[in-house]
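Subject: Structure for you to look at, with notes

Dear colleague,

I am handing over the structure below, and my notes on it follow. Please keep it open beside the text while you read.

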Amino acid sequence: MAPGSTAVYVYGIVPADVEAEPHATGVGDPPSEVTVVRHGAIAALVSTLESDRPLGTPADLTAHEKLLDGSAAVSPVLPLRFGAVMTDTDAVENELLEANEDEFRAALEELEGRVQFVIRGRYIEDAILRELLDENAQAAQLKDEIRGKPEDATRDARIALGELINHAIEAKRAEDTGKVISELEKLEALVNQRQPSHEEDAVHLAVLVESARRKELEEMVRRLIADWDGRVELNLLGPMAAYDFVTKRAPED
């Protein structure tokens with residue numbers, strides 16, 4: 001495209017009766033106003049973008065997620081992956097919406113009345129270490145061997161202790177994650193287990209739950225926070241768009 005020309009950034013797919021929030025803005029500097037491109041029963045949330053402007057700043061990613069998460073709080077939304085850019089609104093309607101109408105409509109129907117949350121917990125280092133040493137005599141013995149001695153003289157013992165602790169945390173993570181999943185099954189939630197983002201992660205789950213059961217989910221998390229007080233820092237993030245369950249790519253231009 002010629003310098004100074006514009007393209008269309010696509011955030012996600014929504015039902016055709018959705019209206020963009022007044023003054024809603026998206027990616028870009030300055031950000032453009034968000035509008036709606038419709039085709040039949042579905043629509044796309046879009047904004048214009050200078051075609052030669054690189055994407056990928058933290059502000060761009062935040063704007064992308066903020067718009068989708070805000071939309072998901074009031075309507076089903078099928079998020080497109082960050083960076084979906086098309087030539088113009090005709091391409092959005094014909095190459096994206098019309099070409100995928102049945103698939104998108106079916107996905108939106110599946111999302112109707114549901115919303116995603118993320119449950120994320122991290123072990124409190126001192127607490128989990130005490131727990132592991134209490135339960136593992138070999139680890140406790142290695143800890144005693146190391147105490148007060150030079151690092152060079154205890155290198156092998158330190159490596160062995162580190163491996164024991166890592167394996168023990170993996171086992172704890174599997175056990176604690178299983179406990180949370182069992183609780184979520186009572187809410188008939190869909191669960192996507194995320195990979196740990198930190199070696200001391202206790203649980204990292206994406207959850208798709210009926211909006212009507214949100215209070216039950218929040219109460220479940222409060223109970224877990226009370227049970228794990230001083231052991232795990234647990235957070236419930238959301239509501240947000242269903243990134244872990246239905247995120248799609250836009251056609252390549």
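Two strands are said to pair if DSSP finds at least two bridges between them, and the helices (H or I, at least four residues) and strands (E, at least two) are themselves DSSP runs, numbered from the N terminus. By that rule, strand 9 and strand 10, the latter covering residues 201-210, form an antiparallel pair with four bridges, and Leu190 has Leu208 in strand 10 as its bridge partner.

Before going further, please note that this is a predicted model, in which local features need pLDDT of at least 70 and side-chain atom pairs count only at pLDDT 80 or more, while totals for chains, interfaces and linings use all residues. Residues are numbered from 1 along each chain as its sequence is written, and side-chain values use heavy atoms, with hydrogens and water left out.

The sheet

Strands 9 and 10 belong to an open sheet of four strands, in the order 9-10-8-11 and with antiparallel pairing. Strand 9 (190-193) and strand 11 (232-240) are at the edges and have a single partner strand each, so one side of each is without a neighbour in the sheet. On average, neighbouring strands here are turned by 20 degrees against each other, direction ignored, where axes are lines fitted to C-alpha atoms (for helices over the stretch in contact) and angles run from 0 to 180 degrees between N-to-C directions.

Helix 6 and the core

Helix 6, residues 155-185, lies across strand 8 (114-123), strand 9 and strand 10, and runs at about 20 degrees to strand 10. Its 31 residues should span 45 Å at 1.5 Å a residue, and its end C-alpha atoms are indeed 45 Å apart; the expected span is 1.5 Å times one less than the number of residues. Among its buried residues are Leu161, Asp176, Val180 and Leu184, buried meaning under 20% relative accessible area, exposed over 50% and partly exposed in between, with a 1.4 Å probe and protein chains only. The elements that cover these buried residues include helix 4, helix 5 and helix 7.

A nonpolar core is a set of buried Ala, Val, Leu, Ile, Met, Phe, Trp, Tyr and Cys residues joined through side-chain atoms within 4.5 Å. The largest one has 32 residues, of which Ile119, Val180, Leu184, Leu217, Met220 and Leu234 touch the most other members. Helix 6 gives the most to this core, with eight residues. Apart from it lies another core of 23 residues, including Ala44 and Leu97.

Salt bridges

How many salt bridges does the structure hold? There are 16 salt bridges, each being a side-chain nitrogen of Lys or Arg within 4 Å of a carboxyl oxygen of Asp or Glu. One of them joins the side chains of Arg231 and Asp176, at 3.0 Å from N to O. This pair links distant parts of the chain, with Arg231 in the loop between helix 7 and strand 11 and Asp176 in helix 6, 55 residues apart. Arg231 is buried, at a relative accessible area of 14%, and Asp176 is buried as well, at 5%. Both residues belong to a network of salt bridges that also links Glu131, Glu135 and Lys172.

Another salt bridge is formed by Arg105 with Asp102, whose closest N and O atoms are 3.1 Å apart. These two stand three residues apart in helix 3 (residues 101-111), which means that about one helical turn separates them.

With best wishes

Note on methods
Contact means heavy atoms within 4.5 Å.
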